[in-house]
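Let's take a relaxed stroll through this one, starting with a helix and ending with the cysteines.

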Amino acid sequence: MKSARQEKILEIIERENIETQNQLMDALARAGVKSTQATLSRDIRDLHLIKELTPEGSYRYAAGGKDSLFDHDTRLKKIFRESVVDYAVAQNLIVIKTLPGLANAACSTLDSMHIPHLVGSIAGDDTAFVAMKDNAAAEHFCSEIEKLL
């Protein structure tokens, strides 16, 4: 079931400009595949989907690199650099502001980096919260974000 659903996701994003998870969930439903938002979010992560800029200036889901971990990491870091607008530390939390629709991509980048002392991240549309184990780790990681940008 999972592999069939993921194959259908890849088919859909290949032929349609899908900008949001809701649009993808609707397209899956039209294809007869039911999915929850949480399952869809895991599928997006498992498939290493990224958001790419379209010629019209909007973003759409696209398949990641050609199964190359290096290519995947390079693309995610590029997305992170191009999507982050601002960031600030608040005790052990780091708040990251992104361009609309790209907070998930920023969190995916951070999650893939296996950062020591990173407890977890959560993303909305244009804001991500990153929880670190303590205040010092958060301050240190902000200096690492500066290097990434």
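Among the residues of helix 6, the buried ones (under 20% relative accessible area, 1.4 Å probe, protein chains only) are Ala137, Ala138, Phe141, Cys142, Ile145 and Leu148. Looking down the axis of helix 6, you'd find these buried residues within an arc of 145° (taken from the directions from the axis to the C-beta atoms), so they line one face of the helix. Over on the other side, Ala136, His140, Glu146 and Lys147 are exposed, meaning over 50%.

A quick word on the source: this is a predicted model, where local features need pLDDT of at least 70 and side-chain atom pairs count only at pLDDT 80 or more, while totals for chains, interfaces and linings use all residues. Residues are numbered from 1 along each chain as its sequence is written, and side-chain values use heavy atoms, leaving out hydrogens and water.

Back to helix 6, residues 135–148: at 1.5 Å a residue, its 14 residues should span 20 Å, and the end C-alpha atoms are 20 Å apart, which agrees. (The expected span is 1.5 Å times one less than the number of residues.) Asp134 caps the N-terminal end, with a side-chain oxygen 3.3 Å from the backbone nitrogen of Ala136.

Now the cysteines. The structure has 0 disulfides, a disulfide being a pair of cysteine sulfur atoms within 2.5 Å.

| Cysteine | Nearest cysteine sulfur | Distance |
|---|---|---|
| Cys107 | Cys142 | 14 Å |
| Cys142 | Cys107 | 14 Å |

Cys107 counts as buried at 5% relative accessibility, and Cys142 does at 10%.

Conventions
Helix = DSSP H or I, 4+ residues; strand = E, 2+ residues; numbered from the N terminus. Polar contact = N/O pair within 3.5 Å; in protein donor to acceptor, adjacent residues only side chain to side chain.
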